[in-house]
Amino acid sequence: MDTTKNVNLKIPISDWIIEIISFGFLCVTWLIIIINYKHLPDVIPTHFNGIGQPDSFGDKQAVFILPIVASILYMILTVLTTIPLRANAKKHSNGDENIETLIYVWRMIRFLKMNLLFLFGAILIQTIRTARCSANGLGLWFLPVTLCMVILPIGYFVFKLYKSSKKNG
């Protein structure tokens with residue numbers, strides 16, 4: 001016997017704020033390109049090594065790769081957070097465990113999206129600064145900060161999910 005029923009889930013205000021910030025980062029990334037493209041030299045850094053130094057160079061049109069990838073990432077991660085809503089997320093009659101899990105997973109995806117879009121913008125800014133000779137790469141700080149901005153949120157939300165499953169199970 002199927003013990004599921006349709007549930008109308010509402011996105012919490014904190015998640016809306018994260019979505020707005022993420023979209024803002026994406027818009028700023030494109031705005032940076034629009035403002036700076038004509039001032040870029042013909043050859044720009046296209047890749048940075050582990051210590052943040054440029055180790056590959058290419059045509060200035062390559063600068064569009066970052067905002068294009070950021071836009072695709074934004075769309076995919078946004079769709080991932082709406083698929084269960086569109087499919088009328090199901091709630092089992094034994095409680096809110098599945099809903100709580102969905103909320104944690106959606107929040108993790110939103111938080112990662114915001115962090116990744118910020119990082120793409122930072123890479124773009126440093127690429128432009130390096131191309132214009134006002135910076136010397138991403139900086140030694142970039143790789144550790146990037147890893148922290150990706151790994152720490154995942155760890156936090158996995159821990160929250162674990163605690164939630166222990167409480168409900």
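Here are three short exercises, with worked solutions, on a predicted model.

**Exercise 1.** Which residues of helix H2 are buried, and why do they lie on the same side of H2?

*Solution.* Start with the helix itself: H2 covers residues 65-80, so to speak its 16 residues. From its first C-alpha to its last, H2 reaches 22 Å, close to the 22 Å expected at 1.5 Å a residue. Next, look for residues under 20% relative accessible area, the cut-off for buried. In H2, these are Leu-66, Pro-67, Ala-70, Ser-71, Tyr-74 and Leu-77. Finally, check their directions: these buried residues cover an arc of only 140° around the axis, which puts them on the same side of H2.

**Exercise 2.** How is the aromatic pair of Tyr-37 and Phe-64 arranged, and where in the chain are the two residues?

*Solution.* Searching the whole structure gives six aromatic pairs. In the pair of Tyr-37 and Phe-64, the rings are 5.0 Å apart, centre to centre, with 45° between the planes, so the pair counts as tilted. Now locate the partners: Tyr-37 is in the loop between helix H1 (13-36) and strand S2 (43-48), while Phe-64 is in the loop between strand S3 (54-59) and H2. They are 27 residues apart, and the pair links distant parts of the chain. As for exposure, Phe-64 is partly exposed, at a relative accessible area of 28%.

**Exercise 3.** Which charged residue sits over the ring of Tyr-37, and which lies over the face of Tyr-74?

*Solution.* Take Tyr-37 to begin: the charged end of Lys-60 sits over its ring, 4.6 Å from the centre. Then turn to Tyr-74, where Lys-113 lies over the face at 4.6 Å from the ring centre.

Methods
Residues are numbered from 1 along each chain as its sequence is written. This is a predicted model: local features need pLDDT of at least 70, side-chain atom pairs count only at pLDDT 80 or more; totals for chains, interfaces and linings use all residues. Side-chain values use heavy atoms; hydrogens and water are left out. Helices (H or I, at least four residues) and strands (E, at least two) are DSSP runs, numbered from the N terminus. The expected span of a helix is 1.5 Å times one less than its number of residues. Buried means under 20% relative accessible area, exposed over 50%, partly exposed in between (1.4 Å probe, protein chains only). The arc is that of the directions from the helix axis to the C-beta atoms. Rings of Phe, Tyr and Trp (its six-membered ring) pair if their centres lie within 6.5 Å; planes under 30 degrees apart count as stacked, over 60 as edge-to-face and the rest as tilted. A charge sits over a ring if NZ of Lys or CZ of Arg is within 6 Å of the ring centre and within 35 degrees of the ring normal.
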